[in-house]
Amino acid sequence: MLRVLRGIPRAAFILFVLAALGIGGFVGVTLAHFGRELPDYQQLGNYQPATGSKVYAGDGSFMAEFESEHRSPVAIGKVPRVVIEAFLAAEDRDFYSHNGVNPGAIFRAAMADVVRFRNGQRPIGASTITQQVVRHFLLTNELSVSRKIKEAMLAYRIERSLSKDRILEIYLNEIYLGVGAYGVAAAADTYFQRPLDRLSLAEVAFLAALPKAPNNYNPIHRAAAARARRDWVLGGMAELGRISEKQAKAAIAEPLVVHMHSDSPADQAGAPNGYFTEEVRRELIGRFGEKAVYEGGLTVRTSYHPIYQEMADTAFRKGLVDYDRRHGWRGPLAHLASGAAAQGALAGTADPPGLGNWQLAAVTAIDAAGATLALKSGGSGRLPLDELRWARRTLDDQQVGAGVRQTRDVVNPGDIVLVEPVATAAPAKGRPAAPNAVPKYALRQIPDVGGGVVAMDPKTGRVFALVGGWSFQQSQFDRATQAKRQPGSAFKPFVYLTALENGFTPSSVVDDAPIELSQGPGKPAWQPVNYEGGYVGPTTLEDALIHSRNLVTARLATMIGLPALAETVQNFDVMDRMPLYYSMSLGAGETTLLRLTTAYAMLDNDGHWLLPSVIDVVQDRNGRVVYQKGVKDCAACYVDAGPHSGADPGTSYRASGPGDPAAVSSPGATFAENAVLYKPTRRDPLVSQEADYQILSMMQGVVQRGTGTAVAAVGKPLAGKTGTTSDWFDAWFVGFSPDLAAGVFVGFDDPRTLGNGEVGGHVAAPIFRDFMAQALKDVPAKPFPVPAGAAPLVASVSSSASYGAGAVANRDEDHPIVDQSAPAVRDYSSNATPAIPADRDYATPATPDDAPPNWPGYASPRARGYTAAPVPVNAPPPPPWAPNYGTSGYAAPSYGAPSYGTPSYTAPRIAGYPAPSYGYPAPGYGYAAAPPAGPIVSATQAPFSVTKTGGLP
């Protein structure tokens, strides 16, 4: 027995040793097993937080932020100490004393988990801040023993390679704190719209309460739980001695009040710069890729001009509303059984997008004088019968029904409609205002027609404003940059420019008479006509462009040859490759508003190539310039730098050596590595100075006495051209002053007629006029420059007398007949949605001149200085169906970043960020950063005076 007792300690010792060896072996095998599968933790040493790209306007004001996670990185040294203490009290009180894993906390959590397991509850965690960093970057949230083992192993290793402060910095910048906010700085902005160093103790404690379960402590939806958790954090800070009991009690007594920073898609989409911002996003992704844009921390300065954008939006919306009212009332948004039912339904009726200051209202009763309204915003009002007179019923093809005689012809009780407040006349002097006067409202409807506006600098190609539809919230399809439409007669300046380059002059005479052009074997001849079928006989090119003579333009195309015309069109980037059909001369091809406006801007730029751009400069997170539009002495050039650039310059640009460090436009910045300067491959200038001057003078005539006279009301020197397509499907006006170019397009997304007589001069020109009137309001009148040595231009005289027996007097507009052998392929994006209407105003035909006696049968312009048309420079063109008839080597321009995709993205943040402290000085190649009003004037353009002869504008 004694021997047995003596053997027990020895056996126990042996068992202990064996157990230790077994446990050690098991631990060793376990560590060896899991150690082989551990991810590389050393990547944390090069940690850079994923931050979005901030976008700024040309004046330095904040526009938007493209981000997948809203984060504002902050260095640990700039985090207030109270913030650090609050998070340590809530998440890891022993952070600065453990080695990555806290055994004591694990034991306490294990004891608590026994009870929670019996109650069917999820076990609580005991992870340190280091373990949370490991889980966030290197592992998953899987609940398993293997994950916890890996987590502990990685935490020990990270603690040996990174300092405590570095680990805590990573944690405070990465932790998710709810409502889309990542990191403490972003959370401070999201919940309180203040920086970290301006938060109160109670607000800091609330942020520290969130990491455990942000959704469970949402201050809006779960205010009681959020406040209780905040108070627990304050108690923990007092218990650890980080704050006094008095401070804790005072903070606990404070109510939990948040000022949420809204990032809702609706709010973002309703922003006035929505279309412009989206164009910036698409170009950035096309150039740098999604990851760089959403996580690379880029700083982007754009050419966006808020004042011009507001002017363009206002003019466009007014023009569409004016057009829409001309074409009648399409009915209420909804109709219920009674006025009471409609009034009750208002609260649950969503506001249509793009309302502005309009509002929803229910018609509760009608009478002979109008209708009584109940407003969604509260209160009541009156809708007078006089405000309903325009609302005749809309019929097919934009026709309207009978006039409005009584209220019930338009609205009835139970209707839900849109209304706008009407200004009430002030009472007569000495008479008091009527007591309890009922507010008056006007009936409104959102136009169902679409269109766009582009405004840009004709000296640099910088786009100032972009309107792509009635509302970005209503439709993200950009009709200014994405919709391909026929420009109609807005295309004609390039036909006449080609002629001027090939021996013709503005006073050259071409017959305005019927013409037939073969379309190929077995096809009927193409017979273009003037608007309403008239013709005036021999006329000058100047007169033909001013009054948009289709027959002259078509005949001129046969004289100059389609290859020469195609070369001009493609050099000016109106189209990638012009189909070689004569109907192209009347605008039957397709282009976008941005491309055509840019081509017009090149005419205004003395024929020099321009790269239309919405981005001026892009800097990486370290401040290095990775993209810059324009360098000194070359506004159309750009510098591209950085290994992540994915844009193909295409054939429009070529690499021209390394970027000059002295060309950086941002003070104190440098180009990133491998900066390359790209220059245009087009000849410079694209046309002769004389031809450019002549076409500009002819286009001034369009405004002064032709189809664009609606624009003359601006009262400043302007040039431009109207455009209307067959059956009034599309209406255009594109034009410019010496320092500001703009284009307007109006048409339905699903192409159909705008209505009989709705021409470009009546629909689009008034929008252009209203925009230019505001943009140039405080800008001194500035004439277009006259090149040195330019020959005096001779006045022409137009005639509207008829040619032959059955001819009809010609009116001033355009009516291209599309060549049936070359049907245009319309490109209307599948996501295009109805947009809005427009306003118009075209000129009456010129009065006939006295008919010279030597032209029997019809009247013609007086022979006052014009010459006969020269022999065409080109040989007679082959038939338009010839297979290889054309020039080679014309490639689609890249616009700097081709093939922009449209990936999903988080709606950009609008406002809420201050303008960058470093400002945005203008690049050094001749333009100033967004002036307060008026067009940008190139600093390189010297003042001049002009003297003209012969009467040509």
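The exercises below, each with a worked solution, concern a predicted model of a protein chain.

Because the model is predicted, local features are taken only where pLDDT is at least 70 and side-chain atom pairs count only at pLDDT 80 or more, while totals for chains, interfaces and linings use all residues. Residues are numbered from 1 along each chain as its sequence is written, and side-chain values use heavy atoms, with hydrogens and water left out.

**Exercise 1. The chain as a whole**

Task: State how many helices and strands the protein chain has, and what percentage of its residues is buried.

Solution: Begin with the secondary structure, where helices (H or I, at least four residues) and strands (E, at least two) are DSSP runs numbered from the N terminus; the protein chain has 23 helices and 24 strands. Next take burial, with buried meaning under 20% relative accessible area, exposed over 50%, and partly exposed in between (1.4 Å probe, protein chains only); buried residues make up 55% of the 953 residues. Then turn to the accessible surface, computed by the Shrake-Rupley method with a 1.4 Å probe, where for residues only the protein chains shown count as cover; the surface of the protein chain comes to about 39,700 Å², and carbon and sulfur atoms hold 55% of that area. Finally, with a contact meaning heavy atoms within 4.5 Å, 77% of the contacts between residues at least 6 apart in sequence join residues at least 24 apart.

**Exercise 2. The surroundings of E279**

Task: Determine whether E279 is buried or exposed, and find which side chains it joins through polar contacts.

Solution: First place the residue: E279 belongs to helix α12, which covers residues 274-288. Its relative accessible area is 8%, so E279 is buried. A polar contact is a pair of N or O atoms within 3.5 Å; within protein, one must be able to donate a hydrogen and the other to accept it, and residues adjacent in sequence count only if both atoms are side-chain atoms. On that rule, the side chain of E279 makes a polar contact of 2.7 Å with the side chain of R282, and another of 3.3 Å with the side chain of T481.

**Exercise 3. The disulfide**

Task: Find which cysteines a disulfide joins, and work out its handedness from the torsion about the S-S bond.

Solution: A disulfide is here a pair of cysteine sulfur atoms within 2.5 Å, and a search of the whole structure finds one. This disulfide joins C634 to C637, with an S to S distance of 1.8 Å. The torsion about the S-S bond of C634 and C637 is about 75 degrees, so the disulfide is right-handed. As a last step, check the burial of both partners: C634 is buried at a relative accessible area of 18%, and C637 is buried at 0%.

**Exercise 4. Rings around Y191**

Task: Classify the geometry of the pairs that Y191 forms with F192 and with F206.

Solution: Rings of Phe, Tyr and Trp (its six-membered ring) pair if their centres lie within 6.5 Å, and planes under 30 degrees apart count as stacked, over 60 as edge-to-face and the rest as tilted. By this rule there are 21 aromatic pairs. The ring centres of Y191 and F192 are 6.4 Å apart with planes at 50 degrees, so this pair is tilted. For Y191 and F206 the centres are 5.3 Å apart and the planes stand at 85 degrees, so this pair is edge-to-face. Because Y191 lies in helix α7 (residues 184-192) and F206 in helix α8 (residues 201-209), the pair ties together parts that are 15 residues apart in sequence. Y191 is buried with a relative accessible area of 0%, and F206 is likewise buried at 0%.

**Exercise 5. Backbone exceptions**

Task: Locate the cis peptide bond between D684 and P685, and describe the settings of V179 and D397, which have positive phi values.

Solution: Most residues other than glycine have a negative phi, and most peptide bonds are trans. The cis peptide bond joining D684 and P685 has an omega of about -5 degrees, and P685 is found in the loop between β20 (676-680) and α21 (689-705). V179 has a positive phi of about 55 degrees and stands in the loop between α6 (164-174) and β4 (181-182), where its relative accessible area of 37% makes it partly exposed. D397 has a phi near 55 degrees in the loop between β9 (380-384) and β10 (415-421), and at 54% relative accessibility it counts as exposed.
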